[in-house]
Structure formats: C-alpha cells, structure tokens
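Please read the following account alongside the sequence and the coordinates, moving from the division of a single chain to the contacts between chains and then to some local packing.

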There are 4 protein chains.
Amino acid sequence: MKVRASAELIYDFAEPTQIIGLIEAALTEDQAIISEALTVTPHRALLSDVGVGGDRRMRACLSGTVTISYQADVDNGHRLLLPVSGRQHSWSELPADTLTFLLPSRFCPSDQFQRYALREFGQAGDGVARVMAVLDWIDRNLDYVAGVSTPETTAAQTFTVRAGVCRDFTHLAITFCRALSIPARAVSAYAVDLQPADFHAVVEVFVENQWWLIDPTRLAPVEGLVRIAHGRDAADIAFLTTNKPCQLISQTIAAEAI
Amino acid sequence: MKVRASAELIYDFAEPTQIIGLIEAALTEDQAIISEALTVTPHRALLSDVGVGGDRRMRACLSGTVTISYQADVDNGHRLLLPVSGRQHSWSELPADTLTFLLPSRFCPSDQFQRYALREFGQAGDGVARVMAVLDWIDRNLDYVAGVSTPETTAAQTFTVRAGVCRDFTHLAITFCRALSIPARAVSAYAVDLQPADFHAVVEVFVENQWWLIDPTRLAPVEGLVRIAHGRDAADIAFLTTNKPCQLISQTIAAEAI
Amino acid sequence: MKVRASAELIYDFAEPTQIIGLIEAALTEDQAIISEALTVTPHRALLSDVGVGGDRRMRACLSGTVTISYQADVDNGHRLLLPVSGRQHSWSELPADTLTFLLPSRFCPSDQFQRYALREFGQAGDGVARVMAVLDWIDRNLDYVAGVSTPETTAAQTFTVRAGVCRDFTHLAITFCRALSIPARAVSAYAVDLQPADFHAVVEVFVENQWWLIDPTRLAPVEGLVRIAHGRDAADIAFLTTNKPCQLISQTIAAEAI
Amino acid sequence: MKVRASAELIYDFAEPTQIIGLIEAALTEDQAIISEALTVTPHRALLSDVGVGGDRRMRACLSGTVTISYQADVDNGHRLLLPVSGRQHSWSELPADTLTFLLPSRFCPSDQFQRYALREFGQAGDGVARVMAVLDWIDRNLDYVAGVSTPETTAAQTFTVRAGVCRDFTHLAITFCRALSIPARAVSAYAVDLQPADFHAVVEVFVENQWWLIDPTRLAPVEGLVRIAHGRDAADIAFLTTNKPCQLISQTIAAEAI
C-alpha cells in the first residue's frame, strides 16, 4: 500500500529546551520512502541520525512557539503479515540483537509475569500460536477506553485495570510475549484508517527468524502502517522527548492510502 | 591494578532451562584480560557472543545440578577516574549510542523525577559537579541495609525507603543522573575489597566525552573493579537470567589484587 | 465565622447504581448547623446515618440524570486553631479511637516512610513542633499543579513527583505524621475563599489531647472550613462513592462568609 | 471445638519502643474463652483495651530483650460456617458499621479491580455464590509459595505474580469481594492443624446479615480457628506494630484441639 502520512506538531517552549524527536518514517527494508519533507518553523538547526534498525532521530534545542511538520509518501508493500504458524526460537538460536527484547523495561515488567504467562499461555503451543493466544487474550480482556491510563501507566497496572489505549495494549502484549520467551518490542507508526487519527503504538514479535508487526488493538490494519521507530517500550519511541516541561498547542496526524 | 577475579555458581535446574549468563570480564579498552578460564560442569554446549561495548554473553540450555566456574586475571590499569570537573553535553552533542541511557528503564523511572532532580540538583553546576552532588546525596540519604529490598525494587521505592544494597544505590544514582540529562548506566563488576564478597553493581556516567565508572555505595574502590557487563539497569546485567525458576545451591565470588 | 456552603452535583447513571454520599456538614462540637437543605431531583429514597464522629452519610440507589443539591449555613466559630506548641502523646496515652490513624492506609503508606521521617523530622522536637516541620516541608517541596495526579495517586508517588492537588498534599502530610507516631486523618470540607471553588481535603492531627484541623496547601484559612467527613484518607471521604461507573455532568461548589 | 492456642514471642528492642500487640483471643459471641494467661517477661506495664468487635489490644513501651507469652483455651463451637447460599445486601441494607469494609485499604486496592471483578465474577449470582466464585478463583490461580512476597506486597502485586502466603491470599480475596460490593475484612487467628504453625490470616465476608469466616488458603479448617483481631487488612491486625525497628529473636505459635 502507498500511504501519505503527515504530522503537524505545534509546541510552546517557555525556555530553551532540548528535544529528541521520532516522527520520520524509518529506513527499513519493509517500506520505501517515495518522498518526504520535514520542516521546523521558525527554522532551527536540527541534528539527525539514523539508528540501528533504521530509526531516524532528530535532535534540537528549541524555544518559543515552534511548528514541526512532516509529510511522507511511503510504499509499505514489502511488509509480510504474521503467518498462521511459525516457530519460536530457543534463546541460543536467537540473533544476539533480539535478546534485549526478552528483558523487562520501564513499562513492561515481564519479570513479574512469568508464573502467570506460563499458566495462561503455556498450553498454547509455541511461536505464532502463543502470540495468537496473547492477542486473543488482549482482545477478550482489555477495553479500549481513553482516560483510564496516563503516560506513567505500566503493563502491570493495565493488567489489573483491564482498560487503556494503544500504548497500554501494546505494553501488555509485549510483557506477556517476553514472559513467554518471545522477543517483543514497541513500534510507533502512522496508521491508515485509525480513528481518531493519531500516532499509533503497535507490537513487533520475533518468531520464525523474523520480526513481525501486529496491532493488539485491532484498530488499524497492519497493511496500512508506516513505521517510525522501535524500542523496548513507549519510553524509547516517544515522538517527542524533552528535558523540560513544554506545552503542546496542537497536534494533527493523518495517514491515508494513496 | 592486576586483579584475580573468580566466581563459582552452583545451580539446580529441575527441568531443561534456557539461560543467559554474564559473568566474564568484558573486552573493553579500559581493562586487559591476562588469562581466564570458564568451565561448566558437567560439560554443556555454550554459545558465546560479544555484544556492543565488549560484554560477553553466554547462552546455554541447562538441566540438573550445574557448576559454572570462571576465573580471570585482569589488568584494569587503563581505567581513568572521574575527574574533579568535566563538562555535561547537550543532547545534540552526545554520541548517538549514549542517548538510550537518558531514558527511563525497568528499575530507573527517571521520568518521575524530573521535578525533584531539578529542584535538588539544579543549582549544582553541570557535568561532574552534578554527578558529585548526586553521589553526595546518595551517601547522606541512603543506608546500606540488606533485606529491605528485593530484585523487584525500583529506584522510586528506594527513594522512599532510603535504604538498600548496591543494586538500589546504583538504580537511584542512575535515575537522578538521567533526570538531570546525564547519560547513566549500570555496570556489573568484580570488586576487590568488597565485603562481603559478591558481584557488585556500579554506575557509569557520560560526561566530558567519556564514560566514567563510579561506585555510589563507596564500598569498593573503582581502581579494583573488573567490568563484566553494562546496561540500562539490573535487568540487563543480571549474572544469570533464566526462562524458568531455578535453585541457587551456592555462590562464591572473589576478587583480589595480585 | 458563619459560612454559607452549597453543592450542586449532577450525575448521569446509565443503570441503577448504589451510591454513598458524603456532602452534608458534619455534626460535631466544633461547628453548629444553623440551617440546611438537601434535595435529590427527581425525588429518590435516601437513607441517612450519622457515623462515629458526626459524619452524615447518605445512601441511595440512583438511575438516570440526578441532581443532588445541598445548602447549609454553618457557624464554625467553635473551632480552635493549632496552638504554637503542644505535646505529642505516647501510644499508651492515646485514646483508643485514635490508634487507627497511626496505621497506613490506601493512599498513605506510612509504613514505607519510617526511616525517612525519623531522619528528616526526628530533630524537630515532638507534637506541634513536628507537625509544623511537616507542614513547612510540604510548603517548600510540593508544587500545587493540577493534572499531575489521578484519583489513584498515593503519597509515595507524590513524594517522588513533588506536585499535586489538595488531596495529594493531604495524603503526604498524613503519611509523614503517622510515620512520626502522630495520629493523622483526612477531612473533607467546604472552604471559604478556595480558588477555584471545590470540595477541599485537609488534615487533622491529634496532639495535646485533641484533633486539630490544618490545611497543608495553605490555600484556604482553617477559620473558613466547614467539616464534612473524616477518614483514613481520600478513600473514606469521597463525596460520592458508587458501585458502577457513572458520568459527572456538572459540579458547582460554593462557600462564603455570611 | 475446644482449642489450646499459645504464642511465645521474643524480641530485642535496642531502645525504648512503643508497641501495639494483638495476640489475645477476641471477645466475640462466636467463641468463649475458657482460660487464658498473658505474661511479659521481664514484667512491664501493659495497657489493654477492648476495641469495637471485641479485639483486645495491648500497648506498652518495651526495651531490651522481652518475652511475650500468651496461652488460652477457647471454645469456638459457636461459629457458623458459610452457608451454601445466602443473599448479598444492597449498600442501603448494610449495617452502617460494615460500610468501611467496602472501601479500599493499604493492601487491598479494590478501586482498581472494579472492571475486572465485574467481568470475571459478574455472572456468578450474588452473595455466597460470588464469594464461592472468588474462593474458587483464588484456589485455581494462586500458588502458596513462601518468599515471593514481603510485608509491603499489595493485592495488585499478588494478582500479577500469582503466588504468596496466607496474607496475600487474604488480601486478594478481600479485594475481589469489595470490588463486588461485598464487605470483606481481614482476621488474624490461631489455626489448628496449620503447617507450619504460625499466626494465620483469613477473610471475613458479610452476606446474609452476618459476618462469615473463610480461609482462602484452604490450609486450616475454619472450625479450628481462634479469632484474634479484625481490620481492613494486614496493617490493622499485625500481631506487633512498633514505632521503631526491632529484632525478632524467636516466635513459637501453637494451636491444637483439646
């Protein structure tokens, strides 16, 4: 699918503030950037780097009212969908760079869920079968409700409260997968057909020798996702991280098939 | 200093258990391995890889009673001590691979400490001066007490309870540094003169263009440390991570100057 | 001071919902109710009881859109202000019904603060002197900021985040007092001059043989408070507790000197 | 059943320490004390009071090494067992003094479990049927394991970790019941046949116009329980609460049918 994705973010920085931004489409094999434009108004010096895995990170020091705009046309037709079956790898078989994604992180305390995960999902085969069991659990047990979680909410809290938004669904799915010895990570994305339009957070799991994108909220088709960044959880893929509080004036996200 | 470090770990694995072990001295520029030996008894296939930054990770599938022994003579004389002053870098100046260590992690929820850190340490200059202020705070406010914390204890809990062990001291120091925009990470180590002898957890901060090792417990001289592994917090540097519960039979750690 | 206090609460109950309401002025020796009126529109059966300490609790089963209105003129001129000095009681001297307020509760985990409280406030004399030290700490260290806390926020989280609203200030002050062996409880109140007008949460401490009202936010003079209910923390004094989610349509609180 | 219960607690108090002790059999209608003796060696002044509901609380200021011994013969034959069916009361029908036990407390954050409880137990009828569904859930989902919890563990943590001891089983059962609008409280007890012998923590629920004792661990028959104290959770019924750290030298608890 060819997708036109765009973001316009307007912030007010009361004093000079260092920022890390993750809003550009990632440079990965499963998507091709046809065209794109990033502008910061008024103009400020931006430092960009491309991280491991193709994430593009921008850094700047901003002050006053600043508009960050990004628009890209992306062909994500190279993306494969999670197959109906696929093998789980032993830790020894896993590529070294996937091992980090077995470990607990800020919002995904998978260390606390070992007993639960084995009891609940231990009979569900392995690999894709377990991932499907996790996704089915999420679908049956979590309600999509705005306002019951905050940016500090962890997967343990979501497990108790049983409601949240895409970020919370993603964190709990990641947590269960890691507790089941399946590498899992968080991916931020533009998402065609997401209502209301917003940055989306989804999951990527490593089975059958490959990372596979999945959306535990089932709100946006994986075929319509444009990847932005990946990391251990939301802490790593925030579209804006700042060293001081700042004020969001407006945020407009869009993604449509073209 | 030349250090002879050794570890003998005996575990009982009730069923075949996948493990990741981090007990070998790291291959880094600031230490040289003179000789070393790693044995697993009874003999099992081990997979070893050397990660980014020189950490050596071993992987295996173990069952029954297994003894893991490691002994190394290491010359760590290439290590520099934290200077009395040194500049803090803006986010734009930082090397890309240090940025991860600005972000919150499982046991270091630095996102919750921004207000406190600025209020408490905001006047303490920057760079080394801030690090020294953090270390001084830790020294004045935390009691070294075994038994008040668990492997699940976070820096937020330690901040409240005001007591813990090396792991807790390290997590709180890291948390404060990150909240102050200083990259900080956890390092596991063998430590000469540590009483009682054990694996040690210390902090590494990035200022003045370099990572510097520091021990917030002040229990072991940095000159006597042999690095093992580094990561965002204790979750990344556990000497043994397993996919199932197992039983520690005995653990003997030693480190002495030679 | 004679105070006219009023509340108008409009809720929508999607299905029959059991409620406990605590919005009427308490029947206590330190305030006299001159006149009052409670109405529920449309009319529903209300069960009222007067609890230990004079709190008036109403119970009902409500559905549809319901308006609860209360207006009272209250003379609170019998209230004494915290004296400049006053003795702290040993546990053996305390009246039996104050002992509950030494113990931790849902939002006031004072058990975790024993070490901190003794270190920070241990030199501050006892009784009123310690209470004053706690209030001074709160004033110096907490920022009054709406939106950083939720109804689930505990005093431990507020201690880390260093900001909150009246509920959070009250919880942390109570927590410190209990950790210092001073009985402390939460009181809901109408408050003259509170901006913006709202139900207020304040603290009551037991020293010098008596309970004393204090406002750790310093936003409303104690002389202008009309007591509603007291309890271990916000869980006990919520103006509305329901057994199902419901929707607040509007809430108008007022209190003025007459 | 006639039960001989005894406790011998030896503590070392490094400095004068205020204590509240709850180790004597309660004075309630459902048990009769045949004989009893409480001694403190060396002799210290004890203050005793009988609280609401018959709990007997002792207070003292202790220092040095102190032995507290209690022995009682109790006839608990007046206790009724939870019937196979029984009605749940609406909030308006409940006796006023049971309402506190609907609210969340330090270790039982029932406010966070409303959505889960309704989803999991909402179809299980009401009253005794719901209580039985809760007990069945606890039995199927929690493992009795010493060492995975601490005195700070909350029911939310136990819900995630799925293991604990009697205190944790009790807290989670109470939490579920409260989230289902059933008053529930914690009771400490001597328990015949408990292995290993120790103080026991059980649950009391209010249905069918009465409080009923139940043991969610199923480790000790309710017929063999001698009540000590009741409260909102373990914070209220600790056999020893102190205002300073102290050291337990030994603790010997016994209960046998006579």
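The paragraphs below go through the domains, a sheet with its helix, the contact of two chains, a hairpin and a pair of helices.

What is shown here is a predicted model, and a convenient place to begin is the way in which chain A is divided. The domain assignment gives domain 1 of chain A as residues 2-77 + 240-257 and domain 2 of chain A as residues 96-237. The C-alpha centres of these two domains of chain A lie 24 Å apart, and the contact between them involves 18 residues of domain 1 and 15 residues of domain 2. On the side of domain 1 of chain A that touches domain 2 of chain A, strands S1 and S12 (247-257) each supply at least two residues, and S12(A) gives the most, with five residues. Sorted by class, that side of domain 1 of chain A has 11 nonpolar, four polar and three charged residues.

Chain A also holds an open sheet of four strands, which follow one another in the order S9-S8-S7-S10 with antiparallel pairing. Its edges are formed by strand S9 (210-214) and strand S10 (225-231) of chain A, each of which pairs on one side only, and neighbouring strands of the sheet are turned by 35 degrees against each other on average, direction ignored. Within this sheet, strand S7 (residues 184-191) of chain A is joined to the antiparallel strand S8 (residues 200-207) of chain A by six bridges, and A:Arg185 stands opposite A:Glu204 in S8(A). Helix H4 (residues 166-179) of chain A packs on the sheet and touches S7 and S8 of chain A, while its direction makes about 15 degrees with that of S8(A).

The next step is the relation of chain A to chain B. A turn of 180 degrees, with a shift of 0.0 Å along the axis, lays chain A on chain B with an RMSD of 0.0 Å, which is the relation of a two-fold axis. In chain A, the C-alpha nearest the axis belongs to A:Arg106, and that atom is 1.9 Å from the axis.

How many residues does each chain bring to the contact? The contact takes 24 residues from chain A and 24 residues from chain B. On the side of chain A that touches chain B, the elements giving two or more residues are strand S1 (2-21), strand S3 (47-50), strand S4 (56-75) and helix H5 (234-237) of chain A, with S4(A) giving the most, three residues. By class, this side of chain A has 11 nonpolar, eight polar and five charged residues. Because 100% of the interface residues of chain A are also interface residues in chain B, the copies meet through the same surface.

In chain B, strand S3 (residues 47-50) and strand S4 (residues 56-75) pair in the antiparallel sense over four bridges, and B:Val50 stands opposite B:Arg56 in S4(B). The hairpin of S3(B) and S4(B) has five residues between the strands, and in this hairpin B:Gly53 takes a positive phi near 90 degrees.

Chain C supplies the last example, in which helix H2 (residues 128-141) and helix H4 (residues 166-179) of chain C pack at an angle of about 145 degrees, with their axes 10 Å apart. The crossing of H2(C) and H4(C) is right-handed. From H2(C), the residues C:Val131, C:Val134, C:Leu135 and C:Ile138 meet C:Phe169, C:Leu172, C:Ala173, C:Phe176 and C:Cys177 in H4(C), and by class this contact has nine nonpolar, no polar and no charged residues.

How values were computed: Residues are numbered from 1 along each chain as its sequence is written. Chains are lettered from A and ligands numbered from 1 in the order in which they are written. This is a predicted model: local features need pLDDT of at least 70, side-chain atom pairs count only at pLDDT 80 or more; totals for chains, interfaces and linings use all residues. Two strands pair if DSSP finds at least two bridges between them. Axes are lines fitted to C-alpha atoms, for helices over the stretch in contact, and angles run from 0 to 180 degrees between N-to-C directions. Two residues are in contact if their C-beta atoms, placed from the backbone, lie within 7 Å. Copies are superposed by least squares on the C-alpha atoms of residues with pLDDT of at least 70 in both. Ala, Val, Leu, Ile, Met, Phe, Trp, Tyr, Cys and Pro count as nonpolar, Asp, Glu, Lys and Arg as charged, and the others, Gly among them, as polar. Domain bounds come from an automatic or database domain assignment. A crossing is left-handed if the near helix is turned anticlockwise from the far one by less than a right angle, and right-handed if clockwise.
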